[in-house]
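This report introduces a structure to a reader who has not met it before. It takes up aromatic rings, enclosed and open spaces, and a few individual residues.

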Amino acid sequence: MQALKRADVILMAFCTGLIVANIYYCQPLVILIAKEFKLAESDAGSITFLTQAGYAIGLFLLVPLGDMFERKKQILVITALAIVSLLIAGFSHSFFILEIASVLIGACSIVPQLILPLTASLSDDESRGHNIGIVMSGLLVGILASRAISGTVGDLLGWRAMFLIAAGICTLLLMLMAVRFPTSRSTFTGGYKELMRSMFSYIKTQPVLREASIINFFAFIVIMGFWTTMVLYLSNPPHHFSAYQIGLFGIAGAAGALAAPLVGKLSGGGNPRKNLMIGFILELISVALFYFTGHSVFLFVVGIILIDIGQQAIHVTNQTRIYTLVPEARNRLNTIFMSVSFVGAACGSALGLWLWSLGGWAMFCYGVTAIISLNMLIYQWYKKA
């Protein structure tokens with residue numbers, strides 16, 4: 001098994017960001033897709049939670065295989081499938097085909113969740129949290145910058161061009177990863193049924209895994225609900241922003257992603273749970289700014305930075321915690337953790353659209369405030385348990 005070098009960590013962060021972006025390119029394109037297929041914007045928005053639902057399916061079915069097979073080979077095969085899925089989306093001429101392609105794109109974009117356990121398994125105990133933080137920075141920058149890129153490409157070249165460009169990017173990454181990625185050693189010798197059965201046993205025996213997964217579930221409802229509903233808010237009165245302008249707001253969130261390595265370092269300390277409460281407080285402050293934003297784009301941007309730093313504080317802390325539990329089962333633990341998280345992401349997109357239909361932006365702010373408050377109660381309950 002190869003040792004992990006600093007250059008490897010940077011490369012993993014780079015690849016993670018560019019591949020995870022596949023899941024989020026569709027968000028600023030919802031308005032353009034709705035116009036082409038003559039759909040309501042809220043109906044066209046279904047591709048956002050279908051992509052996230054596909055991601056959750058891929059996490060559950062494919063990520064555990066990283067404990068059974070050599071991870072580099074699995075990463076290359078799934079990246080190749082992601083390229084095919086992106087091409088289907090780019091050439092789709094019915095919304096139904098685009099919906100199917102969205103599920104496939106999500107399912108085949110789980111490569112970052114194979115790279116993260118690979119990073120953890122090849123890192124020593126002292127550097128593990130920091131290395132995970134660096135890779136998470138790449139992931140978060142990819143998530144947030146993808147919206148700015150997508151909005152720009154959509155306005156200039158149309159929404160199909162973004163999916164085709166993404167397929168080209170993944171093709172280049174496939175060649176780069178084939179040459180440069182380190183190899184790893186599998187730790188599980190049984191069959192797929194035994195692998196899945198063992199995964200469920202960890203839910204029963206690891207309380208930290210249960211806590212981290214539940215808290216992340218609600219945190220992802222908040223963050224994905226925001227990024228989905230934000231498109232509708234900014235495209236309607238009083239702002240009337242274009243897809244390009246809406247995408248630029250992702251840059252503000254990408255600036256906040258630079259905090260992930262610091263969070264990773266703090267997560268390796270004696271009491272990493274304290275970072276979770278910091279994350280909750282930052283989320284509440286951001287929602288307050290969103291609610292009172294009015295016509296102030298500046299306050300809205302500050303809110304974006306804070307909500308993304310808060311999300312990092314919660315997510316990176318929880319991910320670092322679960323990787324210390326059962327070293328030989330990191331892929332299976334990550335499967336449980338991230339599957340639950342992205343079910344939360346899909347629920348967040350659907351909830352955001354529903355809250356918007358009920359009462360617009362104000363109703364969305366009320367709803368996510370309730371979710372954050374519930375998450376704080378769960379945190380306190382586990383603290384006493």
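In this predicted model, the count of aromatic pairs comes to 21. A pair of aromatic rings is described by two quantities, the distance of the centres and the angle of the planes. For phenylalanine 290 and phenylalanine 300, the ring centres are 5.1 Å apart and the planes stand at 50°, so the pair is tilted; planes under 30 degrees apart would count as stacked and those over 60 as edge-to-face. The pair links distant parts of the chain, ten residues apart: phenylalanine 290 belongs to helix H14 (residues 274–291), and phenylalanine 300 to helix H15. Both phenylalanine 290 and phenylalanine 300 are buried. These two rings also take part in a cluster linked by ring pairs, which contains Phe226, Trp227, Tyr233, Phe241, Phe249, Phe290, Phe300, Trp361 and Phe364.

**Cavities and a pocket**

A search of the whole structure finds two cavities of 30 Å³ or more. The largest cavity has a volume of about 140 Å³. It is lined by 15 residues, of which Leu140, Ile143, Phe220, Met224 and Gln311 are the closest to its centre. Four elements give two or more residues to this lining: helix H8 (128–157), helix H11 (207–235), helix H15 (297–323) and helix H16 (330–384). The greatest contribution to the lining of the largest cavity comes from H8, with five residues.

The second largest cavity has a volume of about 50 Å³. Its lining consists of Gln27, Val30, Gly45, Thr48, Thr228, Val231, Leu232 and Leu353. Here H11 provides the largest share, three residues.

Among the open spaces, the second largest pocket holds about 150 Å³. Of the 13 residues that line this pocket, those closest to its centre are Gly17, Leu18, Val141, Gly142 and Ala145. Helix H1 (6–20) and H8 each supply at least two residues of the pocket lining, and H8 gives the most, with six residues. H8 is thus also the element that gives the most to the lining of the largest cavity.

The table sets out the classes of the lining residues for the three spaces.

| Space | Nonpolar | Polar | Charged |
|---|---|---|---|
| Largest cavity | eleven residues | three residues | one residue |
| Second largest cavity | four residues | four residues | no residues |
| Second largest pocket | nine residues | four residues | no residues |

**Serine 349**

Where in the structure is serine 349 found? Serine 349 is located in helix H16. With a relative accessible area of 0%, serine 349 is buried, because buried means under 20% relative accessible area. Not counting residues up to four places away in sequence, serine 349 touches Thr48, Phe49, Gln52, Met224, Gly225 and Thr228. Two of these names return from the lining of the second largest cavity, which includes Thr48 and Thr228, while Met224 is one of the residues closest to the centre of the largest cavity. The side chain of serine 349 makes a polar contact of 2.9 Å with the side chain of threonine 228. Serine 349 and tryptophan 227 are 122 residues apart in sequence, and their C-alpha atoms are 8.0 Å apart in space. Tryptophan 227 belongs to the ring cluster described above.

**Serine 85 and threonine 183**

Serine 85 is part of helix H5 (residues 71–91). Its relative accessibility is 4%, so serine 85 counts as buried. A polar atom of the serine 85 side chain lies 3.0 Å from the backbone oxygen of leucine 81. When neighbours within four places in sequence are left aside, serine 85 is in contact with Ala101, Leu104, Ile105 and Cys108.

Is threonine 183 placed in a helix or in a loop? Threonine 183 sits in the loop between helix H9 (159–180) and helix H10 (192–205). Threonine 183 has a relative accessible area of 29% and is therefore partly exposed, a class that lies between the limits of 20% and 50%. Along the chain, threonine 183 and lysine 72 are 111 residues apart, yet their C-alpha atoms are separated by 5.7 Å.

Definitions and conventions
Residues numbered from 1 in each chain as written. Predicted model: local features only at pLDDT ≥ 70, side-chain atom pairs only at ≥ 80, totals over all residues. Heavy atoms only, no water. 1 Å grid on protein atoms, 1.4 Å probe; cavity = no way out; pocket = protein on both sides within 12 Å on 5 of 7 lines; lining within 4 Å. Points joined across faces, edges and corners; volume = space filled by probe spheres on them. Nonpolar A, V, L, I, M, F, W, Y, C, P; charged D, E, K, R; others polar. Buried < 20%, exposed > 50% of the residue type's maximum accessible area, 1.4 Å probe, protein only. Polar contact = N/O pair within 3.5 Å; in protein donor to acceptor, adjacent residues only side chain to side chain. Contact = heavy atoms within 4.5 Å. Phe/Tyr/Trp six-rings, centres within 6.5 Å; stacked < 30°, edge-to-face > 60°.
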